[in-house]
Amino acid sequence: MTRPEAPAETSPLHSILEELRAGERYDGQIVHVERLPARPARHRPLDPPLPPVLTDALAAEGIESLYTHQARAIEASRRGENVVVVTGTASGKTLAYNLPILETLLADPKAKAFYLFPTKALAQDQMKGLQRLTAAAGPLAERAVAGTYDGDTSPHARRKLRGSGNLILTNPDMLHAGILPYHAKWARFFSDLRYVVVDEIHAYRGIFGSQVANVLRRLRRIAAHYGARPRFLCSSATIGNPLDLAETLIGEPVTLVDEDGSPRGPRLFVFWNPGFLDAGRIERRSANVEAKELIVRLVEKGVQTIAFTKSRVVAELIYRYAREELARRGGGLASRLAPYRGGYLPADRREIERRLFSGELLGVVSTNALELGIDVGGLDASILVGFPPSIASAWQQAGRAGRSGREAIAIVVGYSDPVDQYLMRHPRYFFGQSPEDAVLDPENPYVLAGQLACAAFELPLSEGDEALFGTLATPVGRILENDGKLKNLDGLRYWCSTDFPSRSVDLRTISNDTYTILAVEAGAPKDAKNRAIGNVDAISGLELVYPEAVYLHEGETYFVRELDLVNKIAIVERREVDYYTQPVLDSHIRLDRERERKAWGGETVFLGEATATWQTVGFKKIQFLHLDSIGYTKLDLPVLTLPTQSLWFSPSERALAAIRGAGRNPWEGLSGLRNLLVNLLPLYVMGEKSDLGGIIDSKNLGRPAIFIFDRYTGGIGFAEKAYERFEEVLRGCLALLADCPCDGGCPSCVGLPILRPAQQQDPDLWGGWPIPDKATTRLLLEALVGRP
C-alpha cells in the first residue's frame with residue numbers, strides 16, 4: 001500500500017557525495033558511481049474491496065491504496081492458491097500476507113494461522129506491526145489473539161497461546177521440536193489452521209532449507225490428520241529462482257507474484273576503494289577506518305545510516321571508532337550511534353531496534369543480523385564494509401536504505417581482499433550479475449532419515465506418505481525399521497524407540513551450546529556478583545572469549561579473565577586497553593578410512609571417512625585504528641573436530657608434468673580447481689557452498705591433494721554424490737572456464753571467495769586468498785579430462 005504523496009524534498013545525498021570528493025582526505029577513493037532511477041508507485045484496486053474495518057485500520061496508518069503486488073497476492077489467496085511474493089526491501093510484503101489472514105479472521109473467528117520467521121528477532125519485530133494493525137481494526141482488536149511462541153516464551157504464555165491464540169508467530173526450530181511432536185495439545189489449533197506464513201524464504205537453502213522443507217511436510221501431514229489443509233503465504237527477497245524454491249520448500253504448486261508496485265526513490269550506488277598507504281601501491285588504508293569516516297560525515301549531516309560488517313568484532317570496532325570521533329567533535333551525536341549484532345541480550349537488541357525505528361538513532365553499525373526484514377524505519381544511507389558473500393545479499397543490504405520512496409545512497413567500501421579488489425576494478429561485473437539461485441533437496445536421504453523418524457513419532461508412517469516425502473520415504477522407512485526404530489503393524493510403521501527424535505535432529509549447522517558472558521567488577525573475586533552481558537555459540541566462543549582476549553561489547557573493552565569450558569561461562573571484567581585481540585587458527589583434515597576408489601584415464605578419485613579439525617592456537621594484540629600487531633600469546637584450547645565424509649583426489653604425475661612443462665605452478669591449478677569444485681558442486685549435489693569444505697593438503701598422501709568434505713557430523717551425502725559424478729563435475733568445471741569471459745580469473749570461475757576469515761576475525765587484517773591463475777587451472781583440467 002502507499003501513503004499520500006509527500007512534498008518533494010531536496011536530498012542532501014548528492015551534495016554530500018560531492019563534498020566527499022572535495023575533502024582533504026579524498027584520494028580518488030570513489031572508483032564508480034551507479035545511478036539507479038526512481039520508480040513510481042503502481043496501484044491496483046481489489047474487487048471486491050477489503051472489508052471497511054481493514055480499510056479504516058490501514059487509513060489510520062496513513063495507507064490509502066494497494067500496490068499491484070499486494071493486490072495480486074490477496075487475489076491469489078482468495079482463490080485458494082499458495083503464494084510467494086518476491087519484491088524489494090520495504091515494499092510492503094508483510095501486508096500481502098497479513099491482509100488475507102485478517103480478512104479471513106473477520107469472516108471466520110475460528111480461523112488460525114502460523115507465522116514462521118527464520119529468527120526470533122524477526123518474529124518479535126513482525127509481532128509489533130501485527131498488533132498495531134489489529135488494534136486499529138475494531139472487532140479484530142479482541143478477535144485476533146496473537147503471540148510469539150519460541151524459546152523466550154514463558155510456560156504460562158505458552159499455555160495461553162495454545163488454548164486461545166489464533167495467530168502464532170514462531171520459527172522452524174520451535175515448530176520442529178516444540179509444536180509438531182506435541183500436536184495433540186494443539187488439536188483445536190490444527191483443526192482450524194487456514195494459513196501458514198513462511199517469511200524470508202530465501203533464508204531456507206542448503207541443508208537448513210532441506211530440513212525446513214521436511215518440517216513443513218510434517219506440518220501438512222498433521223494438519224490433514226485434523227482435517228485441515230492450510231494455504232501457504234510466502235515472501236522472499238530477490239533471488240534467481242523464487243518460484244522453484246517456494247514449490248520445493250512447501251511441496252505444493254505456488255503462484256508467483258513478482259511485479260513490484262512499490263515506489264523507489266533514486267539511488268546512488270558508490271564503490272569506495274581505500275587509497276594506498278605506500279608509494280609502492282601495495283598496502284591500502286584500513287577499510288574499517290574509511291567506513292568510520294563515512295559514517296561520521298553522514299551522521300553529522302543528519303543522514304540516518306546503517307553500516308553492514310562481516311563479523312561481530314568489526315561492528316564493534318567501527319562503532320567504537322565512529323563514537324570516539326563524534327565525541328571529539330562535540331554536538332552530542334555520539335549518543336545517537338549504536339552497534340547491533342548477534343550475542344547481545346534480546347532486550348538490548350529490541351531497545352536498539354526501537355531507537356532506530358523511532359529516529360532517535362542516526363546511525364547503527366551492524367552485522368548481517370539486520371539484513372533480514374526487521375523494520376528499522378526510514379534510513380537514507382547504507383554502507384557495506386566489504387562485499388557480502390552473494391549478489392543477493394549485497395542488494396538486500398543496500399536496499400535497507402531508501403524506504404518510503406526517498407533518495408538513498410549505498411556505499412561499498414572495499415577490503416584488500418582480492419575478490420573485493422576485482423569488483424572495485426570491474427564494477428560492471430557486479431551490476432551485470434543476476435541474484436543467485438537458492439538450492440535445497442528435501443529428499444536427501446540423510447535429511448529424510450531424521451525427519452521421517454520425527455514424523456513417525458508424531459503419527460505412524462504409511463505408504464501414502466510418499467506423496468508428501470517423496471519416493472525415498474518407503475525405502476528409508478525400511479532402513480529405520482531394520483535399525484529397530486520403527487515397527488510395522490498392518491502396513492503402518494510405528495515409532496518404537498524410547499528416543500525423542502526431534503532432539504537429535506538439528507535444523508541448523510551451528511552449535512546449540514552457547515557460552516554465557518558474565519561481567520564482574522575489576523579485581524573482584526571469582527564468586528563476586530556478576531551480570532550477563534551477552535552470549536556466543538560454543539564453536540565461535542573459542543575464537544572470541546579465550547583467556548586474556550579483549551571482548552568488545554557496545555564499543556567498550558572487556559578483559560577475559562576465565563573461560564570455563566565445562567559450564568560454558570566466560571568471566572570478563574571492564575578494562576580500558578588500547579588494543580583488541582584476534583585469534584590465530586589452525587585447521588587440518590585427517591584421513592580415517594578409505595571406503596572406495598575409482599579410476600579413469602590414469603587418474604583416481606577416492607571416497608572415505610575423514611576428520612576436519614580446527615583450533616585456536618594463539619592470539620595477536622592489534623592496536624586500535626592501526627593494523628600493527630603489538631604482541632602474540634600462545635593458547636592451549638581444545639581441538640574442535642568434525643568427523644565427516646570426504647572425497648580426495650591427487651592429480652597424476654602425468655597431469656602435473658603437463659603443467660610444469662608449460663612453465664606454470666601446479667599449486668595455481670590445484671587452487672583454481674578446488675575453488676571451481678566448491679563453486680560448481682552445489683549444482684550437482686543440491687546443496688549450498690557453505691555446506692562444503694575444500695582443503696589442499698600434502699600431509700595425508702605425501703603429495704598435494706584436494707579434499708572436498710561435508711560440513712556436517714558424519715556427512716550428509718554431498719561428498720558421495722560428488723564422488724559418483726566426479727568426472728562429469730570436472731568436465732563441468734572445464735566448460736565453466738571456457739564460457740567465462742574474463743582473462744586471468746574472476747569470482748565467477750577460479751576466484752570464488754570460498755575461504756573466508758573466521759566469524760570473529762577482522763578482514764582488515766586478512767589479505768584474502770589470491771585469485772588463482774585461470775590458464776593454469778584450465779591446463780590441469782585438460783590434462784585430466786581432455787580438451788572440451
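What follows is a short exchange on how terms are applied to this predicted model.

Trainee: Why is Asn241 called buried?

Mentor: Buried means under 20% relative accessible area. Asn241 has 11% relative accessibility, so Asn241 counts as buried. Asn241 sits in the loop between S7 and helix H11 (242-250).

Trainee: Which residues does Asn241 touch, leaving out those up to four places away in sequence?

Mentor: Asn241 touches Asp437 and Ala438. Contact here means heavy atoms within 4.5 Å.

Trainee: Is Asn679 buried or exposed?

Mentor: The relative accessible area of Asn679 is 13%. The cut-off for buried is under 20%. Asn679 is therefore buried. Asn679 belongs to helix H24 (residues 666-685). Asn679 and Asp527 are 152 residues apart in sequence. In space, their C-alpha atoms are 51 Å apart.

Trainee: What makes helix H3 (residues 68-78) mostly covered?

Mentor: The count of buried residues: 9 of its 11. Among them are Thr68, His69, Gln70 and Ala71. Ile74 and Glu75 are also buried residues of H3.

Trainee: What do the buried residues of H3 pack against?

Mentor: They pack against strand S2 (83-86), strand S6 (193-198), strand S7 (231-236) and strand S8 (255-257). Helix H4 (93-107) is also a partner. H3 lies across S2, S6, S7 and S8. The angle of H3 to S2 is about 175 degrees. Over 145 degrees counts as roughly antiparallel. Just after H3, Gly80 has a positive phi of about 85 degrees.

Trainee: How are the strands of the open sheet ordered?

Mentor: The order of the 7 strands is S4-S5-S3-S6-S7-S2-S8, with parallel pairing. The edge strands are strand S4 (146-148) and S8.

Trainee: What makes S4 and S8 edge strands?

Mentor: Each pairs on one side only. Neighbouring strands of this sheet are turned by 15 degrees against each other on average, direction ignored.

Trainee: How do you know that strand S3 (residues 112-116) and S6 pair?

Mentor: Pairing needs at least two bridges. S3 and S6 have 5 bridges, in the parallel sense. Ala113, for one, has Tyr195 in S6 as its bridge partner.

Trainee: Why are H12 and H13 called oblique?

Mentor: The axes of helix H12 (residues 287-300) and helix H13 (residues 312-329) cross at roughly 50 degrees. Angles under 35 degrees count as roughly parallel, and 65 to 115 as roughly perpendicular. The value of roughly 50 degrees fits neither range. H12 and H13 are therefore oblique to each other. Their axes come within 9 Å. The crossing of H12 past H13 is right-handed.

Trainee: Which residues of H12 and H13 meet?

Mentor: On the H12 side, they include Val289, Ile295, Val296 and Val299. On the H13 side, they include Leu317, Ile318, Tyr321 and Leu326.

Trainee: Which residues touch the most other members of the largest nonpolar core?

Mentor: Phe269, Phe430, Leu673, Leu677 and Leu730, in a core of 61 residues. H24 gives the most to this core, with 9 residues. Another core lies apart from it, with 56 residues, among them Leu58, Leu105, Phe117 and Leu133.

Trainee: What does Phe269 touch, not counting residues up to four places away in sequence?

Mentor: Its contacts include Val33, Leu36, Trp395, Val412, Phe430 and Phe431. His32 and Glu34 are also touched by Phe269.

Terms used: Residues numbered from 1 in each chain as written. Predicted model: local features only at pLDDT ≥ 70, side-chain atom pairs only at ≥ 80, totals over all residues. Heavy atoms only, no water. Buried < 20%, exposed > 50% of the residue type's maximum accessible area, 1.4 Å probe, protein only. Helix = DSSP H or I, 4+ residues; strand = E, 2+ residues; numbered from the N terminus. Axes fitted to C-alpha atoms, helices over the stretch in contact; angles between N-to-C directions. Core = buried A, V, L, I, M, F, W, Y, C linked by side-chain atoms within 4.5 Å. Left-handed = near helix turned anticlockwise from the far one by under 90°.
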